[in-house]
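Hi there,

Here's the structure I promised to pass on. Have a look at it first, then read my notes below.

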Amino acid sequence: MRAIFARHADGSRVDSVADVIRRRAAATPDLTAVIEPHRTTTFGALDERSNRVAQALIAAGVGPGDRVAYIGANAPEFLEVLYGATKAGAIATAVNNRLAPPEIAAILADASPAVLITDSDVAAEVRTVRTGERYEAWLSTVEAVDPRVPVGPDDTAVIFYTSGTTGRPKGIMLSGDNLGQALATMHYDMELTTTSVAMAPIPYFHISGLGLALVANLNGAALLLETAAGPDALITLLCERRVSHAAVVPTILQTLLNLPRTHSADWSALRYLVYGAMPIPLPVIRSATEVFGCKFLQSYGLTESTGGVTVLWPEDHLPDEPAKEPRLRSVGRPMPGVGVRVVDPVTLADLPAGERGEVLIGGGHVMRGYWRNPAATAETIVDGWVRTGDGGSFDADGYLYLHDRIKDMIVSGGENVYPAEVESVLTGHPDLAEVAVVGVPSDRWGESPVAVVVARTGRTPDGAEVIAWCRERLAHFKCPVAVHVVDALPRNASGKLLKHALRATYAA
């Protein structure tokens, strides 16, 4: 079943990623598209500069299907490259700038981009354009004319990279049709307009960050690319910039509610708070609704499903009867046009409401596959359904509840951390004989990875040194925040590692 495709407010259909900026710039060229601390960018300027990127790419020999990589912080340049690559028929490839150099090198080797645009020093055997003066000089050599290279809705538009449980980087291929269908729900139900200001501390190399950027552009809303150093500064930023749509972590919401200044601030511009990663208790929702006077929305999904596939709607956040209160612990119900199932992880047979199994996702949101990795694609997409590896269950009303993740993935500060990848690195440490990495609750990050290790004979591991050693080889958010040395790891009679026991032991 195919969901309705995203459309502009005038009803015109969006057939490709590039159409988002083409049609928005044609409708409202002088409206602000991006707000930064010291500059603003209009939709007309964003469209013109993406035309220059497209022409510069073509001049550099980039053709349809070639990859164009971007490594950098959220900035107008990311959107220029995204739209410019699509206009040239190329595939925009988003790379996490928080990764360690060896991880970035592995991704670039896999993607084989024709051109890399970056805001930092990256050692790469590929044509590299550094943002700033060199980038501006590169664009100044071409005309701002849209080449309009034909792009089909089923062609790969963008590749996001994630690390699988084996530690090998996997490129997730999403088409224009994937993105358009994923944007449809947000487009029609988040009430974004040409007067809206959207803010989220989510990098564009995450599907949720890119989704917010695209839906804001689609509706003519301004994107606020400004960060706050602490809760008090966040209050100032949200109020002074008149933010209407903001993404928050539930723990930040609770922190704000504990500040007296929050209760006297002017929240008249705020319309939506979007959150994820963990539920918000009913007392907090009630207090936040009274203080902020806005609507709340939660969504669940994967990059492989082009972002959110379920929604906990605003009306679900203030239940009208006690029996509905447990819904706040859910991630909502499936979006229109999206198939979500809970199945036995072995037989893949559908399970009845109340029984826990593996969550599967189907429909037009499902990725095209993993770049140059047919084996991983075949393991993940079975008969058109994405195996999420997440444990879940439905209630009798169709609300989805997530439980322990089948693949043991850790979500720390919005970043996915795969224990097997971290374990693979730590087992190379000369002091460690065995390693297990699990996620434990964190007030700040939701979850944090910790390592439980067994020392090699005659060795005495130092936790701080092990963490520092790991940080030289992996992005810091993937590294353990603590190292616990034990005599032996818990295993069952068959020798299988009991990670649930480790989580229970070290959760405190």
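Below is what I found, going from the whole chain down to single residue pairs.

First, a caveat: this is a predicted model, so please keep that in mind throughout.

**The whole chain**

The chain holds 14 helices and 26 strands. Its radius of gyration comes out at 23 Å, close to the 23 Å that the globule rule gives for 508 residues, so the chain is as compact as a globular protein of that length. If you lay the C-alpha trace along its principal axes, it spans about 70 × 60 × 50 Å.

How much of the chain is buried? Buried residues account for 55% of the 508. The chain exposes about 21,500 Å², and carbon and sulfur atoms supply 52% of that area. There's also a nice number on contacts: take those between residues at least 6 apart in sequence, and 66% of them join residues at least 24 apart.

**A sheet with two helices on it**

Now scroll to the sheet made of 3 strands. It's an open one, with the order S24-S25-S26 and mixed pairing. Which strands sit at the edges? Those are S24 (432-442) and S26 (482-485), each of which pairs on one side only. From one strand to the next, the twist averages 25°.

Helix H12 (residues 419-426) packs on this sheet, where it touches S24 and S25. The direction of H12 makes about 145° with that of S24. Helix H14 (residues 499-506) lies across S24, S25 and S26, and runs at about 60° to S24.

Zoom in on S25 (residues 446-455) and you'll see that it pairs with S26 in the parallel sense, over 4 bridges. For one residue pair to click on, try Val-453, whose bridge partner in S26 is Val-485.

**Strand S17 and its neighbours**

Is strand S17 (residues 357-363) mostly covered or mostly open? It's mostly covered, with 6 of its 7 residues buried.

S17 has antiparallel partners to look at. Strand S16 (residues 338-343) is joined to S17 by 6 bridges, and the two run antiparallel. Here Val-343 stands opposite Glu-358 in S17. Strand S20 (residues 385-394) also runs antiparallel to S17, with 4 bridges joining them. In that pairing, Leu-360 has Arg-387 in S20 as its bridge partner.

A good way to start would be to find Val-453 and Val-485, then hop over to Leu-360 and Arg-387.

Have fun with it!

Notes: Residues are numbered from 1 along each chain as its sequence is written. This is a predicted model: local features need pLDDT of at least 70, side-chain atom pairs count only at pLDDT 80 or more; totals for chains, interfaces and linings use all residues. Side-chain values use heavy atoms; hydrogens and water are left out. Two strands pair if DSSP finds at least two bridges between them. Axes are lines fitted to C-alpha atoms, for helices over the stretch in contact, and angles run from 0 to 180 degrees between N-to-C directions. Contact means heavy atoms within 4.5 Å. Buried means under 20% relative accessible area, exposed over 50%, partly exposed in between (1.4 Å probe, protein chains only). The radius of gyration is taken over C-alpha atoms; the globule rule is 2.2 Å times the number of residues to the power 0.38. Accessible areas come from the Shrake-Rupley method with a 1.4 Å probe; for residues, only the protein chains shown count as cover.
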